[in-house]
Amino acid sequence: MSNGLPPLREVISSHGLSARKSLGQNFLLDLNLTRKIARSAGSLEDHDVLEIGPGPGGLTRALLMEGARRVIAVEKDQRCVAALEDIARAYPGRLTILQGDAKDLDVSPHLDGPTRIVANLPYNIATELLIRWLQPNMWPPFWSSMTLMFQREVAERIVATPAQKSYGRLSVAANWRCDTRIALQLPPGAFTPPPKVSSSVVHFQRLQDARFPADPNRLERIVALAFNQRRKMLRSSLKGLGPDIADKLEGLGVDPTRRAETLSLEEFCKISVLA
Ligand code: SAM
């Protein structure tokens with residue numbers, strides 16, 4: 001029991017919340033674990049928390065128990081709303097439930113002051129939402145940190161550094177304007193029902209300014225071109241940018257025979273002027 005609320009298994013059976021694969025429903029029912037995730041987000045007392053996909057509310061409860069000023073929770077599955085309303089009653093004035101699709105809903109009118117995003121995301125929309133949060137029109141964005149669950153393979157791509165097998169577009173997009181680290185590793189058995197793959201919680205701490213100067217659109221373009229043919233030399237993968245691309249790369253101090261996977265963030269930012 002927590003704050004008079006029944007155990008999550010009971011909530012799932014009394015509200016008929018059988019997990020739906022189409023909604024990426026793999027629930028966390030162990031409150032010790034969800035509290036650990038909530039704590040890995042950093043101090044919550046002075047923050048609003050945006051949670052995507054609260055489901056039956058295991059992480060939502062943990063965020064409130066760990067002192068979140070307010071939680072704004074966006075859930076697509078109408079069946080979960082009644083269970084979430086029980087939590088809202090146990091924590092008066094601290095939980096706002098928004099029923100809808102996180103890809104379409106504008107949450108900005110509901111957020112007030114420093115905001116952390118904390119979520120056990122549905123895997124089918126996790127990367128799309130992440131890219132949106134990492135590449136807003138204006139920097140700094142509305143959030144100060146994000147603590148998000150991904151499939152382990154995606155988490156490894158996010159935190160990868162040059163020359164590592166997983167280094168790619170996602171690593172550059174994430175680490176250009178954030179510090180990233182894996183906060184927790186979870187086996188499939190931590191979830192109900194267990195997914196096929198292991199998972200990791202990644203913590204993103206927003207930097208006030210980008211690590212190295214670059215135009216975001218140009219950087220995105222050059223990184224996409226370079227990694228689309230990651231095994232090729234830059235003079236070949238970037239040849240669409242002009243016949244003299246090798247000379248231009250050399251002019252910027254980057255050897256055109258190198259491959260995308262060897263370039264540091266700073267080097268990508270430097271050559272982004274060519275895109
Ligand atoms: N937070 C809960 C937990 O940890 O037990 C549930 C996590 S489950 C992996 C993902 C949740 O996201 C589900 O509750 C699902 O209904 C919800 N969801 C799926 N697609 C969504 C969408 N487009 N917008 C908002 N929520 C969505």
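**Ligand surroundings and the central sheet**

In this predicted model, a polar side-chain atom of Glu75 is placed 2.6 Å from an oxygen atom of the ligand. Of the 590 Å² that the ligand exposes when taken alone, 98% is buried by the protein. Backbone atoms also take part in the surroundings of the ligand: a backbone N or O atom of Pro54 lies 3.4 Å from a nitrogen atom of the ligand, and a backbone N or O atom of Gly55 lies 3.4 Å from an oxygen atom of the ligand. The ligand is surrounded by 21 residues, of which Leu28, Gly53, Glu75, Asp101 and Asn120 are the closest. Sorted by class, this shell comprises 9 nonpolar, 7 polar and 5 charged residues.

The fold contains an open sheet of 7 strands with mixed pairing, arranged in the order E3-E2-E1-E4-E5-E7-E6. Because strand E3 (95–99) and strand E6 (178–186) stand at the edges and each have a single partner strand, one side of each is left without a neighbour in the sheet. On average, and with direction ignored, neighbouring strands of the sheet are turned by 20 degrees against each other.

Within the sheet, strand E4 (residues 115–119) and strand E5 (residues 143–151) run parallel and are joined by 5 bridges; Val118 has Thr147 in E5 as its bridge partner. Helix H2 (residues 31–40) packs on the sheet, where it touches E4, E5, E6 and strand E7 (199–206), and the direction of H2 makes about 170 degrees with that of E6. Helix H6 (residues 152–159) likewise packs on the sheet, touching E5, E6 and E7, with a direction that makes about 140 degrees with that of E5.

Conventions. Residues are numbered from 1 along each chain as its sequence is written. This is a predicted model: local features need pLDDT of at least 70, side-chain atom pairs count only at pLDDT 80 or more; totals for chains, interfaces and linings use all residues. Side-chain values use heavy atoms; hydrogens and water are left out. Two strands pair if DSSP finds at least two bridges between them. Helices (H or I, at least four residues) and strands (E, at least two) are DSSP runs, numbered from the N terminus. Axes are lines fitted to C-alpha atoms, for helices over the stretch in contact, and angles run from 0 to 180 degrees between N-to-C directions. Contact means heavy atoms within 4.5 Å. A residue is near a molecule or strand if one of its heavy atoms lies within 4 Å of it. A polar contact is a pair of N or O atoms within 3.5 Å; within protein, one must be able to donate a hydrogen and the other to accept it, and residues adjacent in sequence count only if both atoms are side-chain atoms. Accessible areas come from the Shrake-Rupley method with a 1.4 Å probe; for residues, only the protein chains shown count as cover. Ala, Val, Leu, Ile, Met, Phe, Trp, Tyr, Cys and Pro count as nonpolar, Asp, Glu, Lys and Arg as charged, and the others, Gly among them, as polar.
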